[in-house]
Amino acid sequence: MTSKRTVRVTVRGSFDNLSADQKAALLAAGPQHADILAVTYTQDGHLTYDLAARPFFTFRFAEEVDDEREIPKVTARAEAKAADWMTERGYGFKRITSQTVDLSEVPLGPRGRRLQG
């Protein structure tokens, strides 16, 4: 019996060489992307940024896999999705990095252990 593993990938980068119109559009849409209390991990990716404060962005992706050997592919897909999103909109970007977490490897805290047992 195989169990699904939930994998979360956080992709970070910086906006680069944005035009004045692009900056204005991002700033106008900023409030819907700046609420870190509404952050979620989704298959399509959830974007957050605060361009007024700093030129960085973060995408959060989640995927389920059957085998841990699939995790590097999940990471590569997440990075590609983030880059594609930026490219499709004509936004320049640089320094893409990612952090991947297999939630099956995250230790349970006291509350989680109580709920499990």
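Here are legends for a few close-up views of this predicted model.

**View 1. The four-stranded sheet.** This open sheet has its strands in the order 2-3-1-4, paired antiparallel. Strand 2 and strand 4 (93-102) sit at the edges with a single partner strand each, so one side of each has no neighbour in the sheet. On average, neighbouring strands are turned by 20° against each other, direction ignored. Look at strand 1 and strand 4: they run antiparallel and are joined by eight bridges. Across from Arg12 you'll find Thr97 in strand 4.

**View 2. Helices packed on the sheet.** Helix 1 touches strand 1 and strand 2, and its direction makes about 115° with that of strand 2. Helix 2 (residues 71-88) packs on the sheet too, touching strand 1, strand 2, strand 3 (56-65) and strand 4. The direction of helix 2 makes about 140° with that of strand 3.

**View 3. Helix 1 up close.** Spot the kink of about 45° at Ala28, shortly before the proline Pro31. Which residues of helix 1 are buried? They're Gln22, Leu26, Gly30 and His33, and they pack against strand 1 (5-15) and strand 2 (46-49). Residues three or four places apart in an α-helix point the same way, because a turn takes 3.6 residues.

**View 4. A cluster of aromatic rings.** Phe15, Tyr49, Phe57, Phe59, Phe61, Trp85 and Tyr91 make up one aromatic cluster. The count of aromatic pairs comes to seven. Trp85 and Tyr91 form a tilted pair, 6.1 Å centre to centre with 35° between the planes. Trp85 counts as partly exposed because its relative accessibility is 23%, while Tyr91, at 13%, counts as buried.

Note on methods. Residues numbered from 1 in each chain as written. Predicted model: local features only at pLDDT ≥ 70, side-chain atom pairs only at ≥ 80, totals over all residues. Heavy atoms only, no water. Bend = angle between axes of the 7 residues up to and from the residue. Helix = DSSP H or I, 4+ residues; strand = E, 2+ residues; numbered from the N terminus. Buried < 20%, exposed > 50% of the residue type's maximum accessible area, 1.4 Å probe, protein only. Contact = heavy atoms within 4.5 Å. Phe/Tyr/Trp six-rings, centres within 6.5 Å; stacked < 30°, edge-to-face > 60°. Pairing = 2+ DSSP bridges. Axes fitted to C-alpha atoms, helices over the stretch in contact; angles between N-to-C directions.
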